[in-house]
Amino acid sequence: MPPTHLDPSAVAHYNERGYVILHQVFAEDEISAMIEAAESGSRVADTTRSRQDGEGRPTRLAIWHDLGNDVWTAASTSPRIVNNIRILLGEEAAFFHGKVIFKDAHEGGAWEWHQDYGYWYNQGFAFPRMISAFVVLDPATEANGCLQVLAGSHHLGRLDHGRVGDQTGTEASRVDQVVPLFERVPCEMDPGDVLFFHCNLLHTSEANLSDHPRRSFIICFNALSNPQFATKQTAESRPCPVSADNAILTAANEFA
Ligand SMILES: O=C(O)CCC(=O)C(=O)O
């Protein structure tokens, strides 16, 4: 089993490039539990909506801002997630939200270039001290529209964003100017791998025109000391709880 915690060289990689991938953080049975919860659990069923990209292709997205008692909560509070977020933030982390993204085979929509802080600035967060953990549920390949990042682009700071379809995208003329400045990295990953990325990292993904679905679970955190001026979608103001290391399988058995 590879290490499930980031070592100093991985942290240096994150600081320089704005992202870092940790392989095999979750085991096959834990990923199966998440897929089962994505396909038949009530949390996802109750919160899923469809969003269209700029060309009208749909992506199904389930999003929530609270922790509960289920597989998603166990994964969000896993020490393999929360401790790495704390390492990267250099301080205590607070849960912000979780989301399951379904990029269905043949039609799953694209995501425009954006920074997550392009959205979150407008939700009142004072500083870009926020990080996402992208948990891979299906093999993510260039063919099924894996996430692509511009390595080091978090150093640009927050860029202006506007509406594109149902999404928020970075201003197109600025994207054209900055894309050539950075290495563009397609994040091909296997189920159980986790990509940790900075909220100012520019990222995008293409439509999924392949025969294979691409599902993922993204958990977003705020630095506990980062103030949020009141809005509807608030991050928790307490340290994110940390569950036992076997909590995903326990939750799968108890709350399926
Ligand atoms: O999963 C994807 O293709 C893109 C998701 C994304 O960019 C986001 O949630 O900010």
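In what order do the seven strands of the open sheet stand, and what is the sense of their pairing? Select them and read across: β1-β11-β6-β13-β4-β3-β2, with antiparallel pairing. Helices (H or I, at least four residues) and strands (E, at least two) are DSSP runs, numbered from the N terminus. Two strands pair if DSSP finds at least two bridges between them.

Before going on, a word about the model. It is a predicted one, in which local features need pLDDT of at least 70 and side-chain atom pairs count only at pLDDT 80 or more, while totals for chains, interfaces and linings use all residues. Residues are numbered from 1 along each chain as its sequence is written.

**Stop 1: the seven-stranded sheet**

Go to the edges, where you will find β1 and β2 (48-52), each pairing on one side only. From one strand to the next, the twist averages 25°. Angles run from 0 to 180 degrees between N-to-C directions, and axes are lines fitted to C-alpha atoms, for helices over the stretch in contact.

Now select residues 8-17, helix α1, which packs on the sheet and touches β1 and β11. The direction of α1 makes about 145° with that of β1. Contact here means that the C-beta atoms of two residues, placed from the backbone, lie within 7 Å.

Next, pick residues 79-89 to show helix α5. This helix lies across β1, β4, β6 (130-136), β11 and β13, and runs at about 145° to β6.

**Stop 2: strand β4**

Select residues 93-103, which make up β4. Is this strand mostly covered or mostly open? Mostly covered: 10 of its 11 residues are buried. A residue is buried if 20 or more other C-beta atoms lie within 10 Å of its own, exposed if 12 or fewer, and partly exposed in between, with C-beta atoms placed from the backbone.

Look at the partners of β4. Strand β3 (residues 58-64) is joined to β4 by five bridges and runs antiparallel to it; the pair W64 and G98 is one to click on. With β13, β4 pairs in the antiparallel sense over 10 bridges. Two places to see this are H97, whose bridge partner in β13 is C220, and A94, whose partner there is N222.

**Stop 3: the nonpolar core**

A nonpolar core is a set of buried Ala, Val, Leu, Ile, Met, Phe, Trp, Tyr and Cys residues joined through C-beta atoms within 7 Å. The largest one has 63 residues, and V71, M130, F196 and F221 touch the most other members. β4 gives the most to this core, with seven residues.

Click on M130 and list its contacts. Leaving aside neighbours within four places in sequence, they include F96, Y117, W120, F125 and F221.

**Stop 4: around the ligand**

Show the ligand and select I101, K103, W111, D116, L147, H203, S205, S216 and I218, which surround it. A residue counts as near a molecule if its C-beta atom, placed from the backbone, lies within 6 Å of it. β4, β12 (203-205) and β13 (214-223) each supply at least two residues of this shell.

Try colouring the shell by type: four residues are nonpolar, three polar and two charged. Here Ala, Val, Leu, Ile, Met, Phe, Trp, Tyr, Cys and Pro count as nonpolar, Asp, Glu, Lys and Arg as charged, and the others, Gly among them, as polar.

**Stop 5: the four-stranded sheet**

Another open sheet has four strands in the order β5-β12-β7-β10, again with antiparallel pairing. β5 (111-114) and β10 (183-186) stand at the edges with a single partner strand each, so one side of each has no neighbour in the sheet. The twist averages 20° from one strand to the next.

Zoom in on β7 (residues 147-151), which four bridges join to β10. One pair to pick out is L150 with R184 in β10.

**Stop 6: three loop residues**

Follow β10 into the loop leading to β11 (194-198) and find E188 there. E188 counts as partly exposed because it has 17 C-beta neighbours inside 10 Å. E188 and T141 are 47 residues apart in sequence, but 4.8 Å apart in space, C-alpha to C-alpha.

Then go to Q24, in the loop between β1 (19-22) and α2 (28-40). Q24 is not a glycine, yet has a positive phi of about 50°.

Finish at H106, in the loop between β4 and β5. H106, also not a glycine, has a positive phi of about 75°. With 12 C-beta neighbours inside 10 Å, H106 counts as exposed.
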